[in-house]
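Work through the following exercises with the sequence and the three-dimensional structure side by side. Try each task before reading its solution.

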Amino acid sequence: MKLFRMIGLALLFLLATLSLSRAGEADLRGIIAKFATAKGFSETGAVVHELAATGDPLVERPLAALADGALYVRKADSLVLVGKEVGESVQLFDPLSGEAAGEAAKDDITKIKVNNTLRRVIRDALGTLTLGAKDPAVRLAAAGTMFKTPDAANIEPLDTAIANETVPSVKALLEQARAASVLVSDRPEADKLAAIQLIGARGDRDAVSLLTSVEANASDAVKQAATAAIANINSTLAFWDAGQNIWYGISLGSVLLLAAIGLAITFGVMGVINMAHGEMVMLGAYTTFVVQQVIRTSFPGLFDWSLVIALPLAFLVAGFVGFVIERGIIRFLYGRPLETLLATWGVSLVLQQAVRSIFGPTNQEVGNPSWMSGSFDIGQLAITWNRLWILVFALSVFAVLLYVMKRTPWGLQMRAVTANRRMAASMGIKTPWVDALTFALGSGIAGIAGVALSQIDNVSPNLGRSYIIDSFMVVVFGGVGNLWGTLVGAFSLGIVNKFLEPYAGAVLGKIVVLVLIILFIQKRPRGLFALKGRAVEA
Amino acid sequence: MSGRFFAKGADRRIAITIFILLAAAIIVPLLNLAVAPASAFYIPSYIVALTGKYLCYALLALALDLVWGYCGILSLGHGAFFALGGYAMGMYLMRQIGSRGVYGNPVLPDFMVFLNYKELPWFWYGFDHFWFAGLMVLAVPGLLAFIFGWFAFRSRVTGVYLSIITQAMTYALLLAFFRNDMGFGGNNGLTDFKDILGFNVQADATRSSLFAASAVTLALAVFVTWAIVGSKYGKLLMAVRDAESRTRFLGWRAENVKLFAFTVSAVMAGIAGALYVPQVGIINPGEFEPSNSIEVVIWAAVGGRGTIVGPIVGALLVNAGKSWFTGVLPEFWLFALGGLFVAVTLFLPKGIVGMWDSWRGNARALRAASLAEKAGTDPEVAQPKVVRAAARTPGEWLSSGPEPQPAE
């Protein structure tokens with residue numbers, strides 16, 4: 001008997017729970033069915049609120065469908081169903097379970113209409129719902145949405161969510177969202193002041209815009225607190241802005257460094273004015289393009305490696321062209337810098353036209369490998385990967401070059417020939433050979449610069465033209481014949497340029513920089529880090 | 001001076017050049033206007049406009065020759081002076097359009113109406129008068145060259161450094177004139193001209209007159225250059241070119257010598273630009289393009305720098321070649337131009353006229369030597385008489401010969 005009662009009780013309990021959950025789903029279905037009879041947006045909105053109030057995660061599907069305009073009423077039986085248009089007909093699904101519920105022609109169903117207000121209501125409701133989601137990322141996104149659309153009604157669900165939250169970062173954002181909601185509610189002043197403090201600590205542009213909207217209509221104490229918080233945030237933001245400018249400047253500087261560093265060798269060490277330098281950069285960029293084309297058609301799996309493959313090839317291609325130019329033309333013109341300038345300009349025209357004839361005058365598409373796309377944030381700074389990689393790359397090229405010049409036998413020979421050609425020749429150094437290889441090295445480095453620049457610039461026959469004047473400016477500004485000067489020159493020009501841009505605009509900023517350089521050369525005709533000598537002409 | 005003008009040799013060449021130019025100034029317009037189109041002697045209007053344009057280029061090349069050939073300053077920014085002169089003339093021509101523009105505004109040029117200007121910017125005042133525009137054609141490039149040169153030469157910026165900063169100058173101006181809010185028409189520049197001095201720019205008679213004006217101006221410029229170069233100052237100019245430090249040690253102010261030549265040359269370039277604009281009917285920031293300025297250098301180099309006549313020959317030949325190539329083999333033109341740069345620097349360092357001189361000089365010297373041998377006397381070798389003082393032989397002052405020199 002006792003046993004029976006026990007079993008009966010258990011059965012009853014089981015039934016009760018089953019029926020309870022059934023009842024819950026049935027209730028939901030009941031509410032969803034009201035969509036079929038709701039007239040106008042406001043009634044639909046009321047149904048949405050009712051659905052959201054159940055707090056059941058199951059309602060996410062119908063609500064999301066409603067927001068997307070994919071919730072239909074079947075005319076035959078007034079059943080509310082989720083639909084997916086397939087050609088002329090619509091595939092129907094159950095709004096809660098998602099099971100397929102047959103197909104219907106468009107004439108047999110009515111779409112439940114939504115407008116933007118309603119969509120916002122739905123989004124808020126979903127935001128509240130997703131606060132309970134299992135995935136922390138979903139919860140984080142929900143908290144972010146709620147921060148941006150504060151609503152006094154959000155406070156209570158947020159309170160529960162905060163109490164249940166275990167992940168610290170999500171909890172912090174939830175608290176900020178709650179503070180934002182408190183600010184628009186009619187809670188007591190002390191609560192609001194605390195909320196302002198919390199939001200002020202967040203310290204970004206969203207916080208400023210939120211506080212500014214609060215500032216407009218609030219009591220004096222709150223207003224004061226908000227103003228103070230805004231001022232505080234703005235000063236922090238100004239700091240980050242400066243940081244952003246410095247980062248952009250460094251990024252531009254690294255590009256300039258890459259473009260100029262090869263020139264620092266040919267112009268600085270050998271005294272050869274190579275106007276075809278920009279075209280070496282272009283050849284490097286086109287090598288990258290060709291490598292990527294081959295990879296795309298033959299080895300698609302290797303695409304992420306394309307730049308790594310292109311680097312040595314670009315070095316070889318540009319270096320070889322440089323070698324040919326030196327042996328074929330420049331060696332006859334040593335000691336006549338102005339003639340060298342003209343002859344290499346002629347070479348640059350020929351190279352440009354050759355590339356134009358082969359590849360066409362239009363821009364070629366060079367893709368970014370996956371590890372170079374995207375960006376990440378440091379504080380308020382957004383840093384793109386390709387810029388960061390180019391910076392790293394420019395610095396490593398610089399370091400390698402410095403090592404080659406200062407620590408290898410080849411570099412020693414190069415410097416010896418520069419310092420005293422006849423003495424070097426007497427010591428058995430093959431000076432013409434050293435000349436040719438030095439020029440090839442400078443050109444090759446321009447080639448690998450082209451690989452990097454192909455990632456951020458248009459690859460066209462005119463690519464080199466746009467860099468040649470800037471590169472000369474860097475080398476002349478930094479001091480010819482000094483690699484460190486080139487480094488300092490590139491980064492200072494880059495940073496000055498980017499700091500001028502917000503005030504003067506990009507073009508005017510560049511003009512100002514050019515004028516400054518022209519004036520600077522008057523003051524120090526041999527650049528920042530001039531080699532000291534006793535020459536009369538210096 | 002008049003005695004020297006009618007002398008033999010190189011001076012006679014100058015006289016012949018001036019004579020040809022003046023003759024062309026009369027004959028070409030006559031053959032265009034007075035001869036029936038069916039006649040074999042008729043010169044079509046487009047040829048007149050084209051050669052008029054070439055003469056402006058020749059004037060520009062001559063201006064460059066004064067500083068490069070005789071003073072050793074390789075300016076890569078002469079296109080800027082040319083364009084500034086052109087803009088000054090263009091502004092006058094814009095004001096002459098009056099209310100005939102698309103928007104019909106009597107004061108504001110079309111582009112200003114388009115860019116919502118309310119009134120004329122202050123730097124456009126006075127350009128409705130030809131004399132003022134003419135003054136500006138001389139003053140603006142001259143002043144820019146004076147200020148730029150005053151800074152550059154005083155701090156002894158020389159050689160390739162000077163070349164590079166002149167290039168930076170024209171590049172900066174290029175960027176500036178591309179800006180719409182500069183008030184010079186942005187990247188479209190100034191165009192759609194109607195009248196010059198009350199005559200229709202498109203009319204054949206106007207075109208012929210402009211051609212004649214260009215030819216006469218070029219003849220005048222040749223005379224002026226020749227006078228400068230032949231004077232005592234010209235000797236100083238060449239001294240600075242060949243050994244600046246020595247000249248300075250002898251007590252001359254090398255920077256003033258250079259500054260004068262640079263300014264005069266810039267004014268000449270400005271005049272060339274002013275004559276150029278009404279003949280081509282447009283001036284836009286593309287004229288500031290650094291590559292244009294470098295192209296001018298190759299004209300002078302092809303003809304022979306430091307020869308006065310050479311740059312004119314070079315400008316005419318290269319531009320005629322350009323017109324021909326771009327018509328027949330457009331792909332090939334840049335190859336040809338690039339090859340020309342290389343070939344001239346390698347094989348023709350003195351240019352066509354310079355080569356002609358040394359070939360003639362050698363031939364004459366050989367003839368004199370063989371005659372003297374026959375006569376059994378000491379051969380008195382006749383020096384070739386050239387107006388061009390020999391440019392410094394490469395590496396002449398260097399102990400080490402033609403080898404790379406690190407640019408300190």
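**Exercise 1. Find the residues that form the salt bridge between chain B and chain A, and then describe the contact around them.**

Solution. In this predicted model, begin with the charged pair: B:Arg305 forms a salt bridge with A:Glu339, and their closest N and O atoms lie 3.3 Å apart. This separation fits the cut-off, because a side-chain nitrogen of Arg has to be within 4 Å of a carboxyl oxygen of Glu. The count of salt bridges between chain B and chain A is 1, while the count of residue pairs in polar contact, both at pLDDT 80 or more, is 3.

Next, ask which elements carry the side of chain B that touches chain A. Those that give two or more residues are helix 6 (130–154), helix 7 (159–178), helix 10 (244–249), helix 12 (290–303) and helix 14 (333–347) of chain B. The largest share, 13 residues, comes from helix 7 of chain B.

Finally, consider the contact as a whole, which takes 52 residues from chain B and 53 residues from chain A. The size of an interface is often given as the accessible area lost when the parts come together. Here the area buried between the two chains is about 4,900 Å², and carbon and sulfur atoms give 73% of that area.

**Exercise 2. Decide whether B:Gln167 is buried or exposed, and list what surrounds it.**

Solution. First locate B:Gln167, which lies in helix 7 of chain B. Its relative accessible area is 3%, and because buried means under 20%, B:Gln167 counts as buried. Then look for its contacts, leaving out residues up to four places away in sequence: B:Gln167 touches A:Met275 and A:Ile469 in chain A, and B:Leu76, B:Pro290 and B:Ile294 in chain B.

**Exercise 3. Identify the residues with the most contacts inside the largest nonpolar core, and follow one of them outward.**

Solution. The largest nonpolar core has 222 residues, and those with the most contacts inside it are A:Phe267, B:Trp68, B:Trp124, B:Leu190, B:Phe288 and B:Trp299. Helix 3 (residues 45–71) of chain B gives the most to this core, with 17 residues. Now take B:Phe288 and set aside its neighbours within four places in sequence; the residues in contact with B:Phe288 are then B:Ala80, B:Ala83, B:Leu84, B:Tyr87, B:Thr170, B:Leu173, B:Leu174 and B:Phe177. A second, separate core has 31 residues, including A:Leu174, A:Leu183, A:Ala195 and A:Ile233.

**Exercise 4. Describe how strand 3 and strand 4 of chain A are arranged.**

Solution. Strand 3 (residues 89–93) and strand 4 (residues 100–105) of chain A pair in the antiparallel sense over 4 bridges. To see the pairing, find A:Ser89, which stands opposite A:Ala105 in strand 4 of chain A. The two strands form a hairpin with 6 residues between them, and in the turn A:Gly98 has a positive phi of about 80 degrees.

**Exercise 5. Say where B:Asn116 and B:Leu197 lie, and what sign phi has in each.**

Solution. Recall that most residues other than glycine have a negative phi. B:Asn116 nevertheless has a positive phi of about 65 degrees, although it is not a glycine. B:Asn116 lies in the loop between helix 5 (110–114) and helix 6 of chain B, and B:Asn116 is exposed, with a relative accessible area of 57%. For B:Leu197, phi is likewise positive, near 55 degrees, and the residue sits in the loop between strand 2 (195–196) and strand 3 (199–200) of chain B.

Technical notes: Residues are numbered from 1 along each chain as its sequence is written. Chains are lettered from A and ligands numbered from 1 in the order in which they are written. This is a predicted model: local features need pLDDT of at least 70, side-chain atom pairs count only at pLDDT 80 or more; totals for chains, interfaces and linings use all residues. Side-chain values use heavy atoms; hydrogens and water are left out. A nonpolar core is a set of buried Ala, Val, Leu, Ile, Met, Phe, Trp, Tyr and Cys residues joined through side-chain atoms within 4.5 Å. Buried means under 20% relative accessible area, exposed over 50%, partly exposed in between (1.4 Å probe, protein chains only). Contact means heavy atoms within 4.5 Å. Two strands pair if DSSP finds at least two bridges between them. Buried area is the accessible area (1.4 Å probe) that two parts lose on being put together, summed over both. A polar contact is a pair of N or O atoms within 3.5 Å; within protein, one must be able to donate a hydrogen and the other to accept it, and residues adjacent in sequence count only if both atoms are side-chain atoms.
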